[in-house]
Amino acid sequence: MHRLAWVILLLAAAYALALWQPVRAWYSDVDKLAHGLVFAGVYAALAWALRWKPWTLATLALVLGAAVEVHQYFLPGFSASLKDWLADAVGIALACGAHLAWVLWRAPGDAESPDGLLPLAQFQQAVAALPLVSVDWVLTNPAGELLVGQRLNAPARGAWFTPGGRIRKGEPLAAALRRVAAEELGLADERAGALAQRGEPMGAWDHFYPDAAFSPTVPTHYVNLPYAARLSEAEVNALNLPVGEQHGHWQWLPLAQAADTVHEHVKPYVAWLQARAPGAAPVSPYLVHAT
C-alpha cells in the first residue's frame, strides 16, 4: 500500500502541474506525444505499485485517461478530446507491450530457474499431472483473530484464504516456511526465520480445485502443510502485508465469523484452532485430512 500511496501522490502532482498554464504552453506543440509519454509512465508507475497482470493494468490506465478527459470537460478553458485519449492509449499499449516482453524474458519456457521455480511450460505440465506441495501460515493475533487475505488469482480467486505458497524444487521445508513468511507477510528475514522455528504443524490436508492459475479447465491438487502461530502485538505490528500481486485485501477475523467467511479449505483450519481453545480436547497434529 505504501507504493500505491506514493503513486497516487505522484500522479496527482503531475496532473496539477500539467494543468498549469506555463507548462501547458511548453508542451502544446507536442501535445499528443506528451500524452503518450505521460501515460506510458502512468502504466509503469501502476505496474510498480500494484503488480497486477498487464492487461488489468492497461485497463486501469485507460480508465484514468478517460477520467482525465471527463474532468477537463468541466474545467474552464479546457475541453475533452478523443484524440488525446487515443494518444494516451498508444502510450499505454507500448508500455504494456514492453511489460509483457519483460515478463516473458524473465520466465523463459525452456530454461531452469536458479531459485527453484519451474519454467512456465514445465509448471503447467506438472500441475496437470501431479499434486503440488504447499505451506500455509495460520496466524492469530493476541485477540485470537485469524489472518486471511482475499485472493486475486486462481485457484480460489476472490476467496478469503490463509497466506501460503508452494514449496519449490530443492527447497527444504524449513526454508519454504521462512520464505513464505517473508514474501506473503512482508516480514524481515530475522522475524520470518523466528516464526518458521516456532510454527506448530497442523497436519497434511488435501486441497482440490477445478481450475489452475493458468487455466479454467485444468484441475489443481495441493497437499497443504499448514503451520499455526499466535502472534504477539509486536509481531502483528511488524507485518507488512503486500497488496496487489496475490491478495487484494487483508483482515483479521474472529474465529466464529471466520467459519462463515473463509474458503472451504480454510474452514478445517478454523475448526483446528477452535479445538485448541481452553477446555477443548487435544487433537493430534499428525492427521492427514481430505477437504
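**Figure 1. Arginine 276 and glutamate 200 form a salt bridge in this predicted model.** The closest N and O atoms of the two side chains are 3.9 Å apart. The pair connects distant parts of the chain, with the two positions 76 residues apart in numbering. Arginine 276 is in the loop between helix H11 (267-275) and strand S9 (288-290), while glutamate 200 is in strand S5 (residues 200-201). Arginine 276 is partly exposed, because its relative accessibility of 30% is neither under 20% nor over 50%. Glutamate 200, at 34%, is partly exposed as well. Side chains of opposite charge can pair when their charged atoms come close.

**Figure 2. Arginine 179 and glutamate 183 pair within helix H7.** The salt bridge between them has its closest N and O atoms 3.2 Å apart. Both residues belong to helix H7 (residues 173-185), and they are 4 residues apart, about one turn of the helix. An α-helix has 3.6 residues a turn, so residues three or four places apart point the same way. Arginine 179 is buried, with a relative accessibility of 15%. Glutamate 183 is partly exposed, at 41%. Salt bridges with shared partners join Arg168, Glu171, Arg179 and Glu183 into one network.

**Figure 3. A salt bridge connects lysine 32 with aspartate 84.** The N to O distance is 3.0 Å. Lysine 32 lies in helix H3 (residues 31-50) and aspartate 84 in helix H5 (residues 82-106). With the partners 52 residues apart, the pair links distant parts of the chain. Lysine 32 is partly exposed, with 40% relative accessibility. Aspartate 84 counts as buried because its value of 9% is under 20%. The protein has 7 salt bridges by the rule used here.

**Figure 4. Trp6, Leu9 and Trp48 make a nonpolar patch on the surface.** The patch covers about 410 Å². Tryptophan 6 is part of helix H1 (residues 2-18). Its relative accessible area is 60%, and tryptophan 6 therefore counts as exposed, the cut-off being over 50%. For the protein as a whole, the accessible surface comes to about 16100 Å², and 65% of this belongs to carbon and sulfur atoms.

**Figure 5. Helix H6 has a buried side and an exposed side.** Which residues of helix H6 (residues 120-129) are buried? Phe123, Ala126 and Val127 are. Seen down the helix axis, the buried residues of H6 fall within an arc of 95°, so they line one face of the helix. Gln125, Ala128 and Ala129 are exposed on the other side of H6. The cover over the buried residues of H6 includes strand S1 (132-140), strand S4 (164-166) and S7.

**Figure 6. Strand S6 runs antiparallel to strand S7.** The two strands are joined by 5 bridges, and S7 spans residues 220-230. One of the residues to look for is tryptophan 205, whose bridge partner in S7 is asparagine 224. In strand S6 (residues 204-209), 5 of the 6 residues are buried, so the strand is largely enclosed by the rest of the structure. In a regular strand the side chains alternate between the two faces of the sheet.

**Figure 7. The loop between S2 and S3 holds a cis peptide bond and a positive phi.** The cis bond runs from alanine 154 to proline 155, with omega near -5°. Proline 155 sits in the loop between strand S2 (146-151) and strand S3 (160-161). Alanine 156, also found in the loop between S2 and S3, has a positive phi of about 65° although it is not a glycine. Most residues other than glycine have a negative phi, and most peptide bonds are trans. Alanine 156 is buried, with a relative accessibility of 12%.

**Figure 8. The whole protein has 11 helices and 9 strands.** This view gives the setting for the close-ups. Of the 291 residues, 40% count as buried. Among contacts with a separation of 6 or more, 68% are between residues 24 or more positions apart.

Definitions and conventions:
Residues numbered from 1 in each chain as written. Predicted model: local features only at pLDDT ≥ 70, side-chain atom pairs only at ≥ 80, totals over all residues. Heavy atoms only, no water. Patch = residues over 30% accessible without salt bridge, like charges linked within 9 Å, V, L, I, M, F, W, Y side chains within 5 Å. Areas by Shrake-Rupley, 256 points an atom, 1.4 Å probe, with all protein chains shown as cover. Salt bridge = Lys/Arg side-chain N within 4 Å of Asp/Glu carboxyl O. Buried < 20%, exposed > 50% of the residue type's maximum accessible area, 1.4 Å probe, protein only. Pairing = 2+ DSSP bridges. Contact = heavy atoms within 4.5 Å. Arc of directions from axis to C-beta.
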